[in-house]
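Work through the exercises below with the structure open. Try each task before reading its solution.

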Amino acid sequence: MTQEKTALVLGAGGFIGGHLVKRLKREGYWVRGVDLKFNEFSETAADDFVIGDLRDQSTVRGIIDRRFDEVYQLAADMGGAGYIFTGEHDADIMHNSATINLNVAEAAHKRNIKKVFYSSSACMYPAYNQEDPDNPICSEASAYPAAPDSEYGWEKLFSERLFLAYNRNYGMQNRVARFHNIFGPEGTWQGGKEKAPAAICRKVAMASSGSEIEIWGDGLQTRSFLFVDECVEGVLRLTRSGFEGPVNIGSEEMVTINQLVEIVAEIAGKKIVKKHIPGPTGVRGRNSDNRLIEEKLGWKPSQSLRIGLEQTYEWIERQCRSNSGALAS
Ligand code: NAD
């Protein structure tokens, strides 16, 4: 009899972690999920779900109580631009996420676990390469000299180095990916921690046709957005490959925020007037560079932004409807 494979998903109560658990279950894994909270939007698919604080060393040691085949470290103190870029949460972001990563790397090593997947972020790329919205540079090798525009990005850079140092010194096979703006159903869509696609879907869903919605900045800043299913696909492919990274997992379909609004309005079938207001916007331009992932894994994300936005809009519109009873049409 072949033994059931086991996976540990840290941050399983979160957006990407929730989707990853479902995928691993579909593949027949026995899955333990860990988070400070249960997922808000769906019942967990994990076989075992531990509510625990990964900042606590003994909690982490207790959770990593066997030699899991795969460990996915997605837990982080995290949020959209409204949380990361105001500066008000810098100490918490750095302290909380670094402590989690230090605890996880050490406990996995002590348990003789070979593979931890770590989710870094495109926010670690230098701000000076992202000033031109038409030509942002986000190739993996452009990371240094380091100059992220947020403490969130600095912590990510530190922690990717941490996991790769365990590879060099202790023969681990940790994997590091840099996610670029992941979106999809069952992600935060209100409250200040939501990202641009979710915020725009919500604003459009709540607006009546012909009315205004507020957009932070001039809307000319560029980004690319990756649908969560393709993100999970990339995570699994990288984890099971012979390449340690760091490697981008993102979409190369770059759009302005204004274009993003237009696509969502079109999906909703509404005429939307954009009202530009001051707000935190981050760097001027960012796009994934997928040359390395294609070279190393023979795969890169390929789904169009519009397809993912259709599914996301439908889900967020349903959330708005059940929250507020009725929506403008
Ligand atoms: P998320 O906030 O939905 O998930 C993170 C989870 O970590 C949350 O459920 C949170 O409760 C949990 N967590 C935080 N502190 C914890 C602690 N002390 N102990 C236990 N659990 C704790 O975020 P997400 O969008 O699913 O992102 C997952 C990972 O991917 C994060 O590391 C994030 O930085 C990274 N990332 C995400 C994106 C994106 O666009 N979503 C982009 C770049 C990087």
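Three exercises follow, on a model that is predicted.

**Exercise 1. The ligand shell**

Task: Find how many residues surround the ligand, and describe the shell by class and by element.

Solution.
Step 1. Count the shell. The ligand is surrounded by 26 residues. The closest are I16, D35, Y152, I182 and K195.
Step 2. Sort the shell by class. Twelve residues are nonpolar, eight are polar and six are charged.
Step 3. List the polar atoms that face ligand oxygen. D35 places a polar side-chain atom 2.6 Å from an oxygen atom of the ligand. L74 uses its backbone instead: an N or O atom there is 3.0 Å from a ligand oxygen. For G14, a polar backbone atom is 3.2 Å from an oxygen atom of the ligand.
Step 4. Check the cover. Alone, the ligand exposes 820 Å², and the protein buries 91% of that area.
Step 5. Assign the shell to elements. Two or more residues come from each of α1 (15-26), β5 (116-121) and α5 (151-170). With three residues, β5 gives the largest share.

**Exercise 2. The cysteines**

Task: Establish how many disulfides the structure has, then examine C123 and C201.

Solution.
Step 1. Recall the bond. A disulfide covalently joins the sulfur atoms of two cysteines.
Step 2. Search the whole structure. The result is zero disulfides.
Step 3. Test C123. Its closest cysteine sulfur belongs to C138, at 9.8 Å. The cut-off for a disulfide is 2.5 Å, so this pair is too far apart for a bond.
Step 4. Test C201. The nearest cysteine sulfur is that of C320, 9.1 Å away, and C201 is in no disulfide.
Step 5. Compare with accessibility. Buried means under 20% relative accessible area. C123 has 10% and counts as buried. C201 has 0% and is buried too.

**Exercise 3. D90 and its contacts**

Task: Place D90 in its element, classify its accessibility, and name the residues it touches beyond four places in sequence.

Solution.
Step 1. Locate the residue. D90 belongs to helix α4, which covers residues 90-110.
Step 2. Classify it. The relative accessible area of D90 is 21%. Buried requires under 20% and exposed over 50%, so D90 is partly exposed.
Step 3. List the contacts. Leaving out residues up to four places away in sequence, D90 touches I84 and E151.
Step 4. Set sequence against space for one of these pairs. D90 and E151 are 61 residues apart in sequence. Their C-alpha atoms are 5.9 Å apart.

Technical notes:
Residues are numbered from 1 along each chain as its sequence is written. This is a predicted model: local features need pLDDT of at least 70, side-chain atom pairs count only at pLDDT 80 or more; totals for chains, interfaces and linings use all residues. Side-chain values use heavy atoms; hydrogens and water are left out. A residue is near a molecule or strand if one of its heavy atoms lies within 4 Å of it. A polar contact is a pair of N or O atoms within 3.5 Å; within protein, one must be able to donate a hydrogen and the other to accept it, and residues adjacent in sequence count only if both atoms are side-chain atoms. Accessible areas come from the Shrake-Rupley method with a 1.4 Å probe; for residues, only the protein chains shown count as cover. Ala, Val, Leu, Ile, Met, Phe, Trp, Tyr, Cys and Pro count as nonpolar, Asp, Glu, Lys and Arg as charged, and the others, Gly among them, as polar. Buried means under 20% relative accessible area, exposed over 50%, partly exposed in between (1.4 Å probe, protein chains only). Contact means heavy atoms within 4.5 Å.
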